[in-house]
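Please open the structure in a viewer and keep the selection tool at hand. The tour below proceeds one selection at a time.

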Amino acid sequence: MKILSAQQLAEADKSTIEKQQITSIDLMERVATLVVERLHARLNGAPVPIKIFCGIGNNGGDGLAIARLMIQHGYHVTTYVTNCSKKRSKDFLVNYDRIKDVTKDWPILLSCKEDFPEITPKDIVIDAVFGTGLNRPVTGWMADLFNYINSVSAFTVAIDMPSGLYANEPHDKQDAIVKADHTFTFQTPKLSFFLPETGNQVGTFEVLNIGLDPEYLMQAQPLAQLIAREAAQNMYRQRDKFVHKGNLGHVLCMGGSHGMMGSISLTAGAAINAGAGKVSAYIPSHGNTIVQTLCPEVMTLSSKGEQFITDFEHVLKDYVLCVGPGMGQEEESYSAFAKAVHQQSSPMIIDADAINLLASNHDLLEKLPKNSILTPHDGELKRLIGDWKNDYERLEKAKEFSAKHDLILVLKGAYTITVAENHLYVNDSGNPGMATAGSGDVLAGVIASFVAQGYDPLIATVFGVHMHGASGDLAAQTYAHEGLKASIISNFIGPAILNLFRNPENKPQNA
Ligand SMILES: NC(=O)C1=CN([C@@H]2O[C@H](COP(=O)(O)OP(=O)(O)OC[C@H]3O[C@@H](n4cnc5c(N)ncnc54)[C@H](O)[C@@H]3O)[C@@H](O)[C@H]2O)[C@@H](O)CC1
Ligand SMILES: Nc1ncnc2c1ncn2[C@@H]1O[C@H](COP(=O)(O)OP(=O)(O)O)[C@@H](O)[C@H]1O
Ligand SMILES: [K+]
């Protein structure tokens, strides 16, 4: 699914109105009808007090139309209008007038802090103050209103976006933004939903297809692609009937050091679990028994160094190198890594300590085979591309780095983002249970496994990231977030592949 900018969505609205020969007020009614259908399905006529806060633009217009339809369904609705300016939008005014048809209670105008109504935790708050039209930070009593809404633990539903949030622009830390429990967003999700500084304001979200012009949507260059289940299904490659292990690639996992042998064992185990034909581990010699005991399917090759890797001889013929987990940053390990890089001409997967080593040696960066994949967490990323002022600068710097060095970057976290030159792929699987030591080691092994099996490096990465998250989601249904650990995520890769085709999607986004 494409993630479009606020500007593109406004153009899509315009194009829809022209091509479908409808008015903007028809589109607003379509939006409100879809939202009310969803709300009604969940509330089922419950006599809960619903407080709808409307702005004076089209987001407010949506809010007024929702209020009217909810009143018609018999709900207890009180409607408020944040009367911050005289510049009310045309469609706001039409819906301001239409609400008269269903109630004698005219919307209550709010103009200062003293006008705020009491909100209790038993209320449902619907936030329709600002949507994609927000163009400056919210200040004064309006900011107070958002902070007040946030201070009461009433269930809060945002219309299109939590008010105060920009769709695709950075925020200042002190900006007032409504914190929603659930967001109904229209046509495409917004980039800010997926970024660490703002994503928490959105709660769970649903994308409602409001039927915007398909031609416009098709040709629009997205800010990013959201990789959900359907995209992953299309990337999956079924095995040939007469396949043998020799066709399914050989992953060589290089890493491990004294006290960190679990790391490279997890990587190698995950490469096996994700389907590579053969997996070997290049490790310090004292780790031999550990790796072979933990992963009987994995062959080992030992470096001369006992405690850490000290050398790298031309050990195998054709392999996909996955290097870094648990490797440490000893000078000799660095030389061995450099030697391994010089011997490789096909894309490799670089994680953890190997990324740290690269960050301090940019010459080696230039030697990496094109389309190699780096999987940094934010600490490693900072060493690689320098610090950033906000989430958007992080993405811009990552794009620049990827384009300059012909590398694929995986920015790990909630909603891991794969960066390939100017393109961003936002992953929608995974959960907070995956914030556990070693889950990144598993990810590196999964991606390497798909590269070895012949997936194009970018597809192996995007698909690998998705399946890693999907394994965590499936495992969490049995183990909860707290009980998840890296080896369990790894063991759920097979079940997650089965699940990709078996069960309908039932996980709410951002849950
Ligand atoms: N009419 C249509 O065709 C459709 C409109 N839609 C809704 O329209 C929204 C966008 O509507 P608008 O473009 O009118 O924008 P908004 O309703 O988000 O807000 C725009 C108004 O707020 C003012 N404003 C912006 N930042 C402010 C600030 N910080 N403090 C005070 N005032 C501020 C602007 O000057 C303008 O008057 C979408 O998010 C969606 O909810 C959807 O219903 C889709 C269809
Ligand atoms: N809150 C979260 N939601 C979803 N995925 C997460 C979350 N926190 C961490 N993860 C995932 O877990 C993995 C953690 O990797 P990393 O930080 O390298 O761990 P380690 O170094 O211990 O292996 C990444 O794939 C990341 O996307
Ligand atoms: K809103």
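Helices, as named on this tour, are DSSP runs of at least four residues, numbered from the N terminus. The model shown is a predicted one.

**First stop: the surroundings of ligand 2**

Select helix H15, residues 439-452; this helix supplies the largest share of the shell around ligand 2, namely four residues. Next, extend the selection to the whole shell, in which 17 residues surround the ligand. The closest of them are His377, Ala414, Gly430, Ala435 and Gly440. Coloured by class, the shell around ligand 2 shows nine polar, six nonpolar and two charged residues.

**Second stop: an annotated domain**

Now select residues 9-218. An unreviewed UniProt entry places the feature "domain: YjeF N-terminal" there. Over this stretch the chain is 17% strand and 34% helix, and the C-alpha atoms at its ends lie 13 Å apart.

**Third stop: a pair of helices**

Select helix H2, residues 24-43, together with helix H3, residues 58-72. How are two packed helices described? The angle between their axes and the distance between the axes serve this purpose. For H2 and H3 the angle is about 50 degrees and the axes are 9 Å apart; the two helices are therefore oblique to each other. The crossing in which H2 passes H3 is right-handed.

Finally, display the side chains where the helices meet. On H2, the residues in contact include Met28, Val31, Val35 and Leu39; on H3, they include Gly61, Ala65, Ile66 and Leu69. By class, this contact of H2 with H3 has ten nonpolar, three polar and two charged residues.

Conventions
Residues are numbered from 1 along each chain as its sequence is written. Chains are lettered from A and ligands numbered from 1 in the order in which they are written. This is a predicted model: local features need pLDDT of at least 70, side-chain atom pairs count only at pLDDT 80 or more; totals for chains, interfaces and linings use all residues. Axes are lines fitted to C-alpha atoms, for helices over the stretch in contact, and angles run from 0 to 180 degrees between N-to-C directions. Angles under 35 degrees count as roughly parallel, over 145 as roughly antiparallel, 65 to 115 as roughly perpendicular and the rest as oblique. A crossing is left-handed if the near helix is turned anticlockwise from the far one by less than a right angle, and right-handed if clockwise. Two residues are in contact if their C-beta atoms, placed from the backbone, lie within 7 Å. Ala, Val, Leu, Ile, Met, Phe, Trp, Tyr, Cys and Pro count as nonpolar, Asp, Glu, Lys and Arg as charged, and the others, Gly among them, as polar. UniProt positions are given in the numbering used here, feature names are shortened, and annotations may be inferred rather than shown by experiment. A residue is near a molecule or strand if its C-beta atom, placed from the backbone, lies within 6 Å of it.
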